[in-house]
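User: Hi! I am new to this structure and would like to learn how to read it. Could you walk me through a few features?

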Amino acid sequence: MDTTQLLKGVLDLAVLAVVDDEDGYGYDVVRRLRTAGLGDVGDASVYGTLRRLYSAGALTSYVVPSESGPHRKYYGITATGKAQLKRQREDWDAFATSVTTLLSNATGATR
């Protein structure tokens with residue numbers, strides 16, 4: 001299954017979940033998404049999502065100097081972002097339950 005379209009629909013939720021766990025800079029967020037099993041996530045998609053969520057007030061940012069390279073821009077979740085994460089998590093749970101039920105009841109489903 002091509003998961004690209006599925007990923008587009010849940011990238012905001014996934015990014016918010018990652019930074020809710022711990023603040024992170026762009027590539028760190030990409031790495032944690034891939035480690036969580038979203039191996040098809042693209043760098044540009046994540047950076048665009050971070051900028052969009054920041055513009056919407058769901059994320060805050062701050063710069064941390066690095067001794068080994070350029071300064072890193074870290075992102076953390078705001079109260080607005082936490083509320084968005086809660087809403088989207090509930091939406092995802094309801095959606096996933098519906099699809100799982102549909103698939104398990106489909107003719108030809110392995111039981």
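User: Which residue is the bridge partner of Tyr25 in strand 3?

Analyst: Happy to help! Keep in mind that this is a predicted model. Tyr25 has Tyr74 of strand 3 as its bridge partner. Strand 1 and strand 3 (residues 72-77) are joined by two bridges and run antiparallel.

User: How many strands does the sheet have, and what is their order?

Analyst: To read a sheet, go across it from one edge to the other. Here the open sheet has three strands in the order 1-3-2, and the pairing is antiparallel. Strand 1 (24-25) and strand 2 (59-64) are the edge strands, each pairing on one side only. Helix 3 (residues 43-55) packs on this sheet, where it touches strand 2 and strand 3. The direction of helix 3 makes about 115° with that of strand 2.

User: At what angle do helix 1 and helix 4 pack?

Analyst: For a helix pair, look at the angle, then the handedness, then the residues in contact. Helix 1 (residues 4-21) packs with helix 4 (residues 79-105) at about 125°, and their axes are 10 Å apart. The two helices are therefore oblique to each other. Their crossing is left-handed. On the helix 1 side, the contact is made by Val10, Asp12, Leu13, Leu16, Ala17 and Asp20. Helix 4 contributes Gly81, Lys82, Gln84, Leu85, Gln88, Arg89 and Trp92.

User: How many residues of that contact are nonpolar, polar and charged?

Analyst: The contact of helix 1 with helix 4 has six nonpolar, three polar and four charged residues.

Conventions:
Residues numbered from 1 in each chain as written. Predicted model: local features only at pLDDT ≥ 70, side-chain atom pairs only at ≥ 80, totals over all residues. Heavy atoms only, no water. Axes fitted to C-alpha atoms, helices over the stretch in contact; angles between N-to-C directions. Helix = DSSP H or I, 4+ residues; strand = E, 2+ residues; numbered from the N terminus. Parallel < 35°, antiparallel > 145°, perpendicular 65-115°, else oblique. Left-handed = near helix turned anticlockwise from the far one by under 90°. Contact = heavy atoms within 4.5 Å. Nonpolar A, V, L, I, M, F, W, Y, C, P; charged D, E, K, R; others polar. Pairing = 2+ DSSP bridges.
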